[in-house]
Amino acid sequence: MPKNPRKRTADDDGSDTKDLMSNKTPKLPVETALDKKNTQALQSRIKKANDDRAARDAEWAALHPAGGPPPPAGSRGDGTFRLTHLRMGAGDCTIMCTPEGRVVLVDCGTNDSEQAPADFAAMAADVLESKEYLLNYPRIDVVILTHPDKDHYNQLAQLLPQTAIPRTVYHSDERKEYAKGGWLNRVEGYDDLCRRVELSADQAEREISEKKGKSRVTKKVKTAIGYTRLAGGTIPSSGTPEEEKLDGDGGGLVVLYEKGACKITILAGMVQYDYEDDKDDGTNRASLVTLVEVYDKSFLLLGDATRSTERYLVNQRAAKIKNVDYTTAGHHGSNRTSTGQFFVDAVDPVRQATVSAGKKGLDAHRLPSWQVIDRYQIRLNASGRGKYPKHTVSAWPDAGDVVEKQVEEGVFTTGCSTKGVQIIVPPATPRPGL
Ligand SMILES: [Zn+2]
């Protein structure tokens, strides 16, 4: 959502320095005892985190014995891939269940005011707690928090069952930036659960003007602007266990892999260079961008990525994003910040583009923009792909009130139906390399 730039602060450890600032000089034995107590508390917290994680993994393994009977058709882990872009109004939440029954959540927040909070919560819970997702076992394997704007995480505490603790949380920016939602406090101390992802290794050509004598000379320089980092350390390269390693191209972070069925890769995160004058304070531009490859289909999830993030993807990940079957449109269909024509041409989706936005969108935000809807509609029309039964899409023109139109291309908003936009991929021959 558009918002005022906010102060970005460096990491701090939250420690209180009052005692150190007081006039009293603490006696050495007191300090030592305090240090020991803190160390013991930290060690016991880490032990509890590790024990909890091992217990969850053991419980999962017991429920899913190798070679055991497959779950009943239509429930979690039955070999079918399911994804729902929930109807979150002015917000974003995608939940998916892999063929082997692992659940992945990408964002969970809203600024909605179109519907009563109770109705909204019941509607979202209806999907989240269904047998296809969380009902038969409230374990979430991977949570991806694209960026710390409230409309992407503030419903985590309200909508997820108390018992649902993720195996790993990937996020951009600093973890404390997500604290307003309360949910990450539940896993506070579980430091091994949370991974801050920074994937923006790139070199940008920048024009620099220099004055030499009386003439001004413009030259292009290469500027290293990024890095590839995971939670402060380097990301393991191939040869390490399947989870959390760089993909074959060395540019993306594989966070989930089921051989021959499903691979989930974070393609970008913490892009900082403003390639496209995207009118962003950097938070949206830094969104984690996720590619899901499942059997013969693929999905691109953009969070609130801006045109600069899009330019990074086109520069660095063109082959990965080209002809994905399903894509989202970044930043709730904003034409001001996102979905440049160059990006739509580069992605050229095969089937569908989905915008996370309310049925009519909020007056204040005027999202999605008809220009964005048109861009995907024209592209899908030209390719002759992505034909669907006629459905109604609401979006905002440059001027005037919201407009509803019937379209038959694969362009949807999550406000189109009560349950949002649901996509099912039945078992099929995997794409090469999966
Ligand atoms: Zn947003």
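Which residue just after helix 9 takes a positive phi? Gly384 does, at about 70 degrees. The model is predicted. Its secondary structure comes to 9 helices and 20 strands. Of the 434 residues, 43% count as buried. Among contacts with a separation of 6 or more, 68% link residues 24 or more positions apart.

**Nonpolar core**

- The largest nonpolar core has 87 residues.
- Ile95, Ile266 and Val289 have the most contacts inside this core.
- In soluble globular proteins, nonpolar side chains tend to be buried together.
- Beyond its neighbours within four places in sequence, Ile95 is in contact with Thr84, Leu86, Val103, Leu105, Val127, Leu128 and Tyr133.

**Strands 1, 2 and 3**

- Strand 2 covers residues 91-97, and 7 of its 7 residues are buried.
- Both faces of strand 2 are covered. Gly91, Cys93, Ile95 and Cys97 lie on one side. Asp92, Thr94 and Met96 lie on the other.
- Strand 1 (residues 81-85) runs antiparallel to strand 2, and 4 bridges join the two.
- Within that pairing, Leu83 has Met96 of strand 2 as its bridge partner.
- Strand 1 and strand 2 form a hairpin with 5 residues between them. In its turn, Gly89 has a positive phi of about 65 degrees.
- Strand 3 (residues 103-110) is also antiparallel to strand 2, with 7 bridges joining them.
- Here the bridge partner of Ile95 is Leu105 in strand 3. Leu105 is also one of the contacts of Ile95.
- Strand 2 and strand 3 form a hairpin too, with 5 residues between them. Gly101 in that turn has a positive phi of about 95 degrees.

**The open sheet**

- An open sheet is formed by 8 strands, in the order 10-11-12-13-14-15-16-19. Its pairing is mixed.
- The edge strands are strand 10 (245-246) and strand 19 (411-413), and each pairs on one side only.
- Strand 12 and strand 13 run antiparallel, joined by 6 bridges.
- Across that pair, Ile264 has Val292 of strand 13 as its bridge partner.

**Helix 6**

- Helix 6 spans residues 307-316 and is mostly covered, with 8 of its 10 residues buried.
- The buried residues are Arg307, Ser308, Thr309, Glu310, Arg311, Tyr312, Leu313 and Gln316.
- Their cover includes strand 12 (262-268) and strand 13 (289-294) of the sheet. Helix 7 (318-321) and helix 8 (341-347) also contribute to it.
- Helix 6 lies across strand 12 and strand 13. The helix runs at about 115 degrees to strand 12.

**Helix 9**

- Helix 9 (residues 370-383) has 14 residues, so at 1.5 Å a residue it should span 20 Å. Its end C-alpha atoms are 20 Å apart, which agrees.
- Its buried residues are Trp370, Val372, Ile373, Arg375, Tyr376, Gln377, Arg379 and Leu380.
- An α-helix has 3.6 residues a turn, so residues three or four places apart point the same way.
- The cover over the buried residues of helix 9 includes helix 8 and four strands: strand 16 (352-355), strand 17 (387-395), strand 18 (403-409) and strand 19.
- Strand 16 and strand 19 both belong to the open sheet, and strand 19 is one of its edge strands.
- Helix 8 is among the elements covering helix 6 and among those covering helix 9.

Notes
Residues are numbered from 1 along each chain as its sequence is written. This is a predicted model: local features need pLDDT of at least 70, side-chain atom pairs count only at pLDDT 80 or more; totals for chains, interfaces and linings use all residues. A residue is buried if 20 or more other C-beta atoms lie within 10 Å of its own, exposed if 12 or fewer, and partly exposed in between; C-beta atoms are placed from the backbone. Two residues are in contact if their C-beta atoms, placed from the backbone, lie within 7 Å. A nonpolar core is a set of buried Ala, Val, Leu, Ile, Met, Phe, Trp, Tyr and Cys residues joined through C-beta atoms within 7 Å. Two strands pair if DSSP finds at least two bridges between them. Axes are lines fitted to C-alpha atoms, for helices over the stretch in contact, and angles run from 0 to 180 degrees between N-to-C directions. The expected span of a helix is 1.5 Å times one less than its number of residues.
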